[in-house]
Amino acid sequence: PSHVGRMQNEFLELPDGSCSLPVAYTLGYSYLMQDKLDEWIALLDAKLAQNTLTGDRRANWLIARAHADEIRLGTHDPFMLVVDRPLDGRDHLDLAYLTAEDPDVKLRITREIVGRLAATTQFDMARSMLDKAAGTASADRASDIAEWRDSVAKLQEEYTAAEAASADNVKKSYIESLQRRRDKAAADGNTKAVSRYDAMIKEAQSK
């Protein structure tokens, strides 16, 4: 916190009037940890209200503003992880895309949005955005878009595998629970309950 003022005054705004995102992200988390995120948001809103801040110079400020919305429901306990809500600032990202003039800046913002869509498992929508970007981007950016598409595919594979593993663990725990109940019923001499549990175990194992 003792360095916030210097970071904000000397490093947040770049010589061309745009925003340094690494500095903005650091300041955002710092304000959050001090339980003063509303002050950070007010500062960004005041900056965005300036009529002279237009075009590509405005884009990073909007991305920083989106990030503030993404973390605003996070804890300000320094010993807890901040739980981001990746799409809470989507309106600001869309506006950044519309505001940007340079095709490369637009593509960078597309990547920001695609990353957030993938992080929230909206993989088809992420790929759709990349397909659209591929149709308008210059030929020399085709490899970048292909790399991003591969990253989305890899993340989806990892997510699907994790879901399957989780389902297998739930199934295993359920069957083990039934087996314990069956064993107890057997110990109690309750043959009717044993038969019922055997049938339930067989059904669960077949799924």
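Biologist: Buried, partly exposed or exposed: which description fits Tyr-159?
Modeller: In this predicted model, Tyr-159 has a relative accessible area of 34%. Because buried means under 20% and exposed means over 50%, the value of 34% puts Tyr-159 in between, and it counts as partly exposed.

Biologist: Which two residues form the aromatic pair that is stacked?
Modeller: A search of the whole structure finds two aromatic pairs. In one of them, the rings lie 5.5 Å apart from centre to centre, with 25 degrees between their planes. Since planes under 30 degrees apart count as stacked, the pair in question is that of Tyr-31 and Trp-40.

Biologist: Stacked, edge-to-face or tilted: how is the pair of Phe-123 and Tyr-159 arranged?
Modeller: The ring centres of Phe-123 and Tyr-159 are 5.9 Å apart, and the planes stand at 55 degrees to each other. An angle under 30 degrees would count as stacked and one over 60 as edge-to-face, so this pair is tilted.

Biologist: How many residues apart are Phe-123 and Tyr-159 along the chain?
Modeller: Phe-123 belongs to helix α7, whereas Tyr-159 belongs to helix α8, which covers residues 142-187. The pair therefore links distant parts of the chain, and its members are separated by 36 residues.

Biologist: Which helix gives the most residues to the lining of the largest pocket?
Modeller: The largest pocket holds about 210 Å³ of space, and its lining includes Arg-108, Arg-111 and Glu-112. Six of the lining residues come from the helix spanning residues 103-119, which is α6.

Technical notes: Residues numbered from 1 in each chain as written. Predicted model: local features only at pLDDT ≥ 70, side-chain atom pairs only at ≥ 80, totals over all residues. Heavy atoms only, no water. 1 Å grid on protein atoms, 1.4 Å probe; cavity = no way out; pocket = protein on both sides within 12 Å on 5 of 7 lines; lining within 4 Å. Points joined across faces, edges and corners; volume = space filled by probe spheres on them. Helix = DSSP H or I, 4+ residues; strand = E, 2+ residues; numbered from the N terminus. Phe/Tyr/Trp six-rings, centres within 6.5 Å; stacked < 30°, edge-to-face > 60°. Buried < 20%, exposed > 50% of the residue type's maximum accessible area, 1.4 Å probe, protein only.
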